[in-house]
Amino acid sequence: MSIDWAEINAKLPSDRADKELRKQLFSQFDPNGNGFLSLAEVDKGVRDVLGLDDIFDAKPAIMRAFQIAKNVTKSKSSVGDDYIEFKEFRYFLLSLRQYFEYYEAFSRIDAGDDKRIELEEF
């Protein structure tokens with residue numbers, strides 16, 4: 001399977017100059033408009049908004065990027081620490097790209113497809 005890294009990079013606007021694009025993307029990920037993204041909203045956004053099926057199929061990458069991004073800053077809201085806010089969204093996109101790359105590298109080494117790397121595979 002060949003990954004189109006150029007497409008992935010283009011659809012994950014993480015440069016500081018892309019703030020307006022990230023605002024639009026965040027709004028599309030946040031269908032109820034409450035300013036917080038749950039893991040389910042992020043998962044759905046990767047599939048429906050970004051259209052990145054390769055990443056959507058890499059659930060561990062999405063979950064890890066979500067977990068690390070939601071803890072980047074302390075929220076002023078009582079529920080914010082369990083969700084991603086806009087100020088954490090850029091970090092989520094960066095983390096998603098990085099964790100997906102790790103996921104792909106691991107998958108290529110894991111010839112037995114058993115979610116483990118054995119000495120023979122390494």
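**Pocket**

I started with the make-up of the largest pocket: by class, its lining has six nonpolar, one polar and four charged residues. Note to self: this is a predicted model.

Next I looked up the residues behind those classes. Going along the chain, the lining of the largest pocket takes in Pro 60, Ala 61 and Arg 64, then Tyr 99, Tyr 102, Tyr 103, Phe 106 and Ser 107, and finally Asp 110, Asp 113 and Lys 115. Helix H5 (59-70) and helix H6 (86-109) are the elements that give two or more residues to this lining. Which of the elements gives the most? I get H6, with five residues. For the volume of the largest pocket I noted about 210 Å³.

**H2 against H3**

Then I turned to a helix pair. How do helix H2 (residues 19-29) and helix H3 (residues 39-50) pack? I have them at an angle of about 115°, with the axes 9 Å apart. Angles of 65 to 115 degrees count as roughly perpendicular, so H2 goes down as roughly perpendicular to H3. I also checked the hand: H2 and H3 make a right-handed crossing.

Who touches whom? On the H2 side I listed Leu 25, Gln 28 and Phe 29. From H3 the contact uses Glu 41, Val 42, Gly 45, Val 46, Val 49 and Leu 50. Sorted by class, the contact of H2 with H3 comes to six nonpolar, two polar and one charged residues. The charged entry is Glu 41 of H3, and the polar ones are Gln 28 of H2 and Gly 45 of H3.

Definitions and conventions:
Residues are numbered from 1 along each chain as its sequence is written. This is a predicted model: local features need pLDDT of at least 70, side-chain atom pairs count only at pLDDT 80 or more; totals for chains, interfaces and linings use all residues. Side-chain values use heavy atoms; hydrogens and water are left out. On a 1 Å grid over the protein atoms alone, a cavity is a set of points where a 1.4 Å probe fits but cannot get out, and a pocket is an open set with protein on both sides within 12 Å along at least five of seven lines; lining residues have an atom within 4 Å of a point. Grid points are joined across faces, edges and corners, and a volume is the space filled by probe spheres set on the points. Helices (H or I, at least four residues) and strands (E, at least two) are DSSP runs, numbered from the N terminus. Axes are lines fitted to C-alpha atoms, for helices over the stretch in contact, and angles run from 0 to 180 degrees between N-to-C directions. Angles under 35 degrees count as roughly parallel, over 145 as roughly antiparallel, 65 to 115 as roughly perpendicular and the rest as oblique. A crossing is left-handed if the near helix is turned anticlockwise from the far one by less than a right angle, and right-handed if clockwise. Contact means heavy atoms within 4.5 Å.
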